[in-house]
Amino acid sequence: MKFWNEKFETMSEDEMRKHQLECLKKTLKWVYERVPFYKNKFDDTGFKPEDLKKLEDLGKLPFMVKTDLRDNYPFGLCAVPLSQVVRIHASSGTTGKPITGPYTQNDLDQWTECMARNLYAAGVRSNDICQNSYGMGLFTGGLGFHQGATRIGCAVIPISSGQTERQIVIMQDFGTTVLFSTPTYALTIAERAEEMGVKLRDLPLRVGVFGAEPWTIEMRKEIEARMGIKAMEAYGLTECGGPGTAFDCVEQSGLHLNEDHFIAEIIDPVTGDVLPYGTKGELVFTAIQREAFPVIRYRTRDITTLRREKCSCGRTLLKMDKIYGRSDDMLIIGGVNVFPSQVESILLDVKEVEPQYVLIVRKKGYLDQLHCDVEAKPETYEAGPQKISEIEKMIENKIRGMIGIGIKIRLVPPKSITRSEGKAKRVIDERKL
Ligand code: DLL
């Protein structure tokens with residue numbers, strides 16, 4: 001068979017719109033009756049779920065943003081009793097508290113369906129041996145890919161990320177044919193394999209499905225050349241259940257959106273105006289087949305363009321360009337989302353330093369590295385190198401413990417960080433994307 005779900009992947013636009021309207025009506029009623037946050041928001045704009053007559057009426061509803069999720073942490077937006085929740089994932093929020101993603105059993109099935117389409121379109125089949133090198137745990141990458149590949153009937157190796165040499169040994173011994181990982185980790189594996197004298201091109205590995213961070217077409221070509229594989233893509237976010245929201249096909253000319261599950265809009269990130277297809281802007285999603293946590297007009301902060309065009313693969317699903325970047329300051333370091341504000345709130349708790357800092361993102365080999373220059377208080381600086389180094393280590397450990405990323409802290413002399421006269425420039429991204 002050519003598609004995982006031919007009916008929905010090749011549906012006519014008219015039929016799709018009909019399907020979306022039906023699901024949207026149900027979802028709006030569902031959240032209005034179950035979640036006070038939505039009821040209040042809808043009431044504030046004088047909107048009742050039964051006012052939705054056509055898809056365009058969705059534009060009358062206000063947007064949801066990340067802080068709405070933080071303000072309702074952990075389960076304030078959950079539309080079912082916790083007794084019906086069977087899984088909870090999470091990802092970084094803008095400050096200390098993460099974004100929580102609860103799922104019912106139906107939500108897990110919905111997600112698995114989206115992931116199976118993604119992997120099938122990438123060429124993954126039941127006889128494949130899939131090495132899943134996405135982080136297993138709260139991050140949606142690990143279990144999302146695991147479920148999708150299991151649904152197709154592949155043999156899945158849930159190795160998780162890290163221990164690169166072991167990854168390569170397993171790849172050789174088990175005859176891995178498909179790799180799931182972030183694009184940067186794929187390149188790290190390639191680099192390590194070269195150092196070990198292992199020729200990945202001679203192994204059975206033939207496909208990789210990569211995502212969770214922006215990557216360029218050049219990077220894709222580099223991965224394809226070094227691993228001797230076809231590098232395919234997965235896009236998604238915790239707020240929409242995880243990976244599988246959009247995926248590319250053999251044409252590799254943009255990603256197909258699972259629009260029977262998610263209604264996508266593009267808006268001007270400054271004015272909030274809805275923009276026509278073909279225009280670059282911020283992606284907004286409404287989940288129309290989820291139970292526990294269906295977001296309504298959620299601003300992803302991801303910048304892309306939507307296109308209604310025929311794809312030679314035969315899919316009619318709305319297409320979106322590769323993500324160009326973000327409209328906020330979120331950094332993705334080796335697949336982990338980090339906001340400067342998270343680092344800042346930790347620094348504010350350290351009495352030996354000033355809350356004056358600059359984050360610097362660099363690439364070492366193919367790995368992202370986060371450095372942070374922080375101003376020492378005068379008395380800290382005068383206490384000498386031993387004390388300075390202790391404090392640097394202490395902050396590094398705090399950040400590792402609270403955000404889950406490695407960071408290199410350097411205390412710099414008092415008043416040495418340029419004070420801004422407008423928006424503070426807190427991040428210097430030296431990576432070329
Ligand atoms: O990164 C889900 C995922 C896992 C997608 C594995 C693909 C593969 P979050 O941790 O919530 O979820 O981060 C979501 O990551 O809003 C984008 O900014 C970025 N992102 C995800 N996939 C891509 C991609 C997962 N293919 C945020 N290209 C999103 C560019 C991506 N950015």
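Begin by selecting strand β18, residues 367-376, together with β19, and you will see two strands of this predicted model that pair in the parallel sense over six bridges. Within that pairing, pick out His371, which stands opposite Lys408 in β19.

Now widen the selection to the open sheet to which these strands belong, where four strands follow one another in the order β19-β18-β17-β20 and the pairing is mixed. At the edges stand β19 (407-412) and β20 (427-429), and each has a single partner strand, so one side of each is left without a neighbour in the sheet. If you look along the sheet, neighbouring strands are turned by 20 degrees against each other on average, direction ignored.

Two helices that pack on this sheet come next. Select helix α10, residues 340-347, which touches β17 (353-364), β18 and β20, and whose direction makes about 140 degrees with that of β17. Then add helix α12, residues 385-403, which packs on the sheet as well, touching β17 and β19, with a direction that makes about 145 degrees with that of β19.

Move on to strand β11 (280-287), and ask how many of its eight residues are buried. Seven of them are, so β11 is largely enclosed by the rest of the structure. Show β10 (262-267) beside β11, and you will find the two strands running antiparallel, joined by six bridges; here the bridge partner of Ile263 is Thr286 in β11. With β12 (298-307), β11 pairs in the antiparallel sense over five bridges, and Gly281 stands opposite Thr304 in β12.

From these strands, turn to the largest nonpolar core, which has 43 residues, and select Met64, Tyr235, Phe285 and Met320, the residues with the most contacts inside it. Among the elements that each supply at least two residues of this core are β10, β11 and β12, as well as helix α2 (13-34), and the largest share, six residues, comes from α2. Apart from this core lies another, of 25 residues, among them Leu331, Val350, Tyr357 and Cys372.

For the last stop, select helix α8, residues 183-196, and helix α9, residues 217-227, which pack at an angle of about 35 degrees with their axes 10 Å apart, in a crossing that is left-handed. Showing the side chains will help you to follow the contact, to which α8 contributes residues including Pro183, Leu187 and Glu194, while α9 contributes residues including Met219, Ile223 and Arg226. By class, this contact has eight nonpolar, one polar and four charged residues.

Key: Residues numbered from 1 in each chain as written. Predicted model: local features only at pLDDT ≥ 70, side-chain atom pairs only at ≥ 80, totals over all residues. Heavy atoms only, no water. Axes fitted to C-alpha atoms, helices over the stretch in contact; angles between N-to-C directions. Left-handed = near helix turned anticlockwise from the far one by under 90°. Contact = heavy atoms within 4.5 Å. Nonpolar A, V, L, I, M, F, W, Y, C, P; charged D, E, K, R; others polar. Core = buried A, V, L, I, M, F, W, Y, C linked by side-chain atoms within 4.5 Å. Buried < 20%, exposed > 50% of the residue type's maximum accessible area, 1.4 Å probe, protein only. Pairing = 2+ DSSP bridges.
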